[in-house]
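Please read this briefing alongside the sequence and the model, and follow each topic on the structure as you go.

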Amino acid sequence: MATCKECKSYFPLEENPDKGDCVRRVVDPRQEYYQSKPVNASDDAVKCASFAKK
């Protein structure tokens, strides 16, 4: 089972390494930007479309 902490997009928080942010680069026809959402390190990443092994 893959978890969020095994993904290249996962960045742990300094004060609590069990929580972090999933940061992805999004490109659309007009602009590029980064999208971030809070996640837990142990969350199941099997259904995540953007999962990329470290």
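What percentage of the 54 residues of the chain count as buried? In this predicted model, the share of residues that count as buried is 22% of the 54 in the chain. The points below begin with the chain as a whole, then turn to its strands, and end with some of its buried residues.

**The chain as a whole**

- The chain contains 3 strands and 0 helices, so that, by the DSSP runs used to define these elements, their order from the N terminus on is β-β-β.
- Taken along the principal axes, the box filled by the C-alpha atoms of the chain is roughly 35 × 25 × 15 Å.
- The chain exposes about 4,400 Å², and 50% of this area is supplied by carbon and sulfur atoms.
- Among contacts between residues at least 6 apart in sequence, 43% join residues that are at least 24 apart.
- There are 10 positive and 9 negative side chains in the chain, and the centres of these two sets lie 6 Å apart.

**Strands and their pairing**

- Strand E1 (10–12) runs antiparallel to strand E2 (residues 19–27), to which it is joined by 3 bridges, and one bridge pairs Pro 12 with Gly 20 in E2.
- These two strands, E1 and E2, form a hairpin with 6 residues between them.
- Strand E2 is also joined to strand E3 (residues 32–40) by 9 bridges, and this pair runs antiparallel, with Asp 21 standing opposite Pro 38 in E3.
- E2 and E3 form a hairpin as well, here with 4 residues between them.

**Buried residues in the segment before E1**

- Thr 3 is found in the segment before E1, and it counts as buried because its relative accessible area is 11%, where the cut-off is under 20%.
- Leaving aside neighbours within four places in sequence, Thr 3 is in contact with Ala 41, Ser 42, Asp 43, Ala 45 and Phe 51.
- Ser 9 also lies in the segment before E1, and because its relative accessibility is 13%, Ser 9 counts as buried.
- With neighbours within four places in sequence again left aside, the contacts of Ser 9 are Asp 21, Cys 22, Val 23, Arg 24 and Ser 50.

**The nonpolar core**

- In soluble globular proteins, nonpolar side chains tend to be buried together.
- In this chain, the largest nonpolar core has 5 residues, namely Cys 4, Tyr 10, Cys 22, Val 39 and Ala 41.
- Beyond its neighbours within four places in sequence, Cys 4 is in contact with several residues, including Tyr 10, Val 39 and Ala 41.

Technical notes: Residues are numbered from 1 along each chain as its sequence is written. This is a predicted model: local features need pLDDT of at least 70, side-chain atom pairs count only at pLDDT 80 or more; totals for chains, interfaces and linings use all residues. Side-chain values use heavy atoms; hydrogens and water are left out. Buried means under 20% relative accessible area, exposed over 50%, partly exposed in between (1.4 Å probe, protein chains only). Contact means heavy atoms within 4.5 Å. Accessible areas come from the Shrake-Rupley method with a 1.4 Å probe; for residues, only the protein chains shown count as cover. Lys and Arg count as positive and Asp and Glu as negative; His and the chain ends are not counted. The place of a charge is taken as NZ of Lys, CZ of Arg, CG of Asp or CD of Glu. A nonpolar core is a set of buried Ala, Val, Leu, Ile, Met, Phe, Trp, Tyr and Cys residues joined through side-chain atoms within 4.5 Å. Two strands pair if DSSP finds at least two bridges between them.
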